[in-house]
Amino acid sequence: MCWAIPGKVVEVKGFLAKVDFEGSIKEVILAVDGVKEGDIVMVHAGVAITKMSEEEWEEEQRFLKELLEGRS
Amino acid sequence: MFKERIEEYKRGGEKIEALKSLIWRLAEELGHIKIMNFCGTHEWTVVHYGIRSLMPDNVELIAGPGCPVCITPSYAIEKAIELSLEGVKVYTYGDAYRLPSLKPVKGVRSLFEAKASGGKVDVVYSFLDAVKEARNERGEKLFFGIGFETTAPSYALSFCKGIVPEDFYFLSVLRLTPPAADYALSKVGKVSGIIAPGHVSTITGAKPWREIAHNHSMPVVISGFEPLDVLISIATILKMIKEGKSGLVIEYRRAVREDGNKLARMYIEKVFEVSDAAWRGIGIIPSSGLELTTKFSGYDAYKRFSIKKPEAKEWVSDLPKGCKCAEITLGLAKPVDCPYYLKSCTPDRPIGPCMVSSEGTCAIWARFGGGGLAEEIAKEVGVA
């Protein structure tokens with residue numbers, strides 16, 4: 001039930017958006033502020049719950065690197 | 001491309017080896033460590049990728065109460081079955097379609113069986129799809145509203161934006177995860193650390209999990225769902241234990257923000273209020289449910305169909321006799337401890353709710369062979 005999958009926003013219309021999941025387009029509810037075309041959102045049961053952030057993913061990578069190198 | 005880079009990250013074989021060694025190194029001088037996950041999807045990752053078999057003997061991974069289908073009380077299922085047989089169109093997620101009730105209603109024990117007996121039931125992917133279908137459906141309609149914090153925003157936004165038809169009633173069985181986490185920890189006894197639910201946390205943010213870490217003086221890591229994410233979270237918990245630290249770490253930073261999703265929470269607070277709520281087989285957990293506020297009571301199925309919720313003093317277990325779902329959900333037992341598991345209770349003919357949902361611990365173990373089972377067999381036959 002709490003599974004969410006990433007999709008790319010192709011169109012925003014008010015609180016709804018069309019999201020592309022590997023070629024399958026689905027209309028979803030946007031529960032996230034400031035979503036625009038091209039953003040990657042995590043969608044759970046037809047609702048976008050969060051926007052993926054490349055910057056924070058980079059931070060996650062640094063966290064892993066430090067964990068493995070024993071520095072964190 | 002960001003998405004492709006994440007895909008590549010999922011296949012990080014070398015990193016998995018390095019993390020396994022780190023986990024073994026960190027666990028070396030520690031006693032028995034029990035790490036609880038709270039999300040059925042984490043249990044899926046643990047079992048599907050055989051993560052238990054990568055753990056040293058003193059690191060035990062246990063599954064917690066994070067499956068909304070498993071903890072949906074039987075009275076709600078029974079009422080939905082009854083209404084569907086009386087001509088009310090019932091919409092449900094696929095996960096809850098085959099969920100068995102305790103008591104049969106006119107010989108029927110699930111929405112799936114109700115449909116086969118002429119009941120009006122439709123499976124939908126989302127609440128939005130149900131709303132669209134309901135607009136063209138005559139007569140009264142009902143949505144079987146299960147879910148945790150992750151699912152609640154889709155309902156809240158739909159009600160607030162006024163897109164729900166007025167004869168479409170909502171049966172809220174929405175539940176909140178931090179109160180259940182607290183409850184499970186009080187029952188299980190010694191848990192050394194928690195893998196907190198990643199997608200629930202996109203909504204709640206870090207605050208409720210930080211409180212749990214503080215109240216129980218233990219490490220809590222909000223984790224993503226790739227095997228690498230779970231291994232990083234386990235290593236982080238072990239490292240914190242070794243250094244004598246408690247507190248909260250967000251591992252799933254690409255999706256979870258410290259403050260969570262304020263917009264979603266604002267809509268949830270507009271539409272729902274927190275109440276004491278029943279968890280199947282477990283009982284009433286204080287402040288662990290969401291029900292529609294007075295402003296939206298016109299949609300409330302409890303009011304429209306006079307459905308009575310059980311109170312704490314009159315609550316009795318709503319699991320079939322002998323079924324161990326409650327203990328399994330609270331991390332007190334494993335599926336293999338249940339006398340029905342893979343004997344009379346199977347994914348094709350489930351007896352208990354944990355054998356139904358793709359996030360139910362029994363269903364996951366039945367499908368993928370349980371935690372470390374292959375390794376146990378290998379040891380027994382002398383090839384490991």
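**Notes on the predicted A–B complex**

1. Starting with the interface: chain B puts 45 residues into the contact and chain A puts in 30. Sorted by class, the chain B side that touches chain A comes out as 23 nonpolar, 14 polar and eight charged residues. Keep in mind that this is a predicted model. The predictor's scores for the complex are an ipTM of 0.87 and a pTM of 0.91.

2. On per-chain confidence, chain B has an average pLDDT of 92, with 93% of the residues at 70 or above, that is, scoring at least 70. Chain A averages 86, and 94% of the residues score at least 70 there. Within chain A, the element with the lowest mean pLDDT is helix 1 (residues 54–68), at 76, while strand 3 (residues 24–30) has the highest, at 96. A general caution applies: where pLDDT is low, the predicted coordinates should not be read in detail.

3. Chain A's sheet is a closed barrel: five strands in the order 1-2-3-5-4, with mixed pairing. Neighbouring strands in this barrel are turned by 55° against each other on average, ignoring direction. If you want a spot to look at, take strand 4 (residues 40–44) and strand 5 (residues 47–51) of chain A, which pair in the antiparallel sense over four bridges. There, H44(A) sits opposite V47(A) of strand 5.

4. Chain B has an open sheet of five strands, ordered 2-1-7-8-9, and the pairing is parallel. Strand 2 (59–63) and strand 9 (247–250) of chain B are the edge strands with a single partner strand each, so one side of each has no neighbour in the sheet. The average turn between neighbouring strands of this sheet is 20°, direction ignored. Strand 1 (residues 33–37) of chain B pairs with strand 2 of chain B in the parallel sense over five bridges, and N37(B) has A63(B) in strand 2 as its bridge partner.

5. Which helices lie across that sheet? Helix 3 (residues 40–48) of chain B lies across strand 1, strand 2 and strand 7 (193–196), and runs at about 125° to strand 1 of chain B. Helix 12 of chain B lies across strand 1, strand 7, strand 8 (219–222) and strand 9, at about 160° to strand 8 of chain B.

6. Helix 12 (residues 227–242) of chain B also packs with helix 2 (residues 13–27) of chain B, at an angle of about 25° and with the axes 9 Å apart. That angle is why helix 2 of chain B counts as roughly parallel to helix 12 of chain B. The crossing of these two helices is left-handed. On the helix 2 side the contact residues include L19(B), L22(B), I23(B) and L26(B), and on the helix 12 side they include L228(B), L231(B), I232(B) and L238(B). By class, this contact has 13 nonpolar residues, three charged ones and no polar ones.

7. A second helix pair worth a look is helix 7 (residues 127–134) and helix 8 (residues 152–160) of chain B: the angle is about 40°, with axes 9 Å apart. Helix 7 and helix 8 of chain B are therefore oblique to each other. F127(B), L128(B) and V131(B) of helix 7 make the contact with S154(B), Y155(B) and S158(B) of helix 8. The residues of this contact split into four nonpolar, two polar and no charged.

Key. Residues numbered from 1 in each chain as written. Chains lettered and ligands numbered in written order. Predicted model: local features only at pLDDT ≥ 70, side-chain atom pairs only at ≥ 80, totals over all residues. Axes fitted to C-alpha atoms, helices over the stretch in contact; angles between N-to-C directions. Parallel < 35°, antiparallel > 145°, perpendicular 65-115°, else oblique. Left-handed = near helix turned anticlockwise from the far one by under 90°. Contact = placed C-beta atoms within 7 Å. Nonpolar A, V, L, I, M, F, W, Y, C, P; charged D, E, K, R; others polar. Pairing = 2+ DSSP bridges. pLDDT = per-residue confidence, 0-100.
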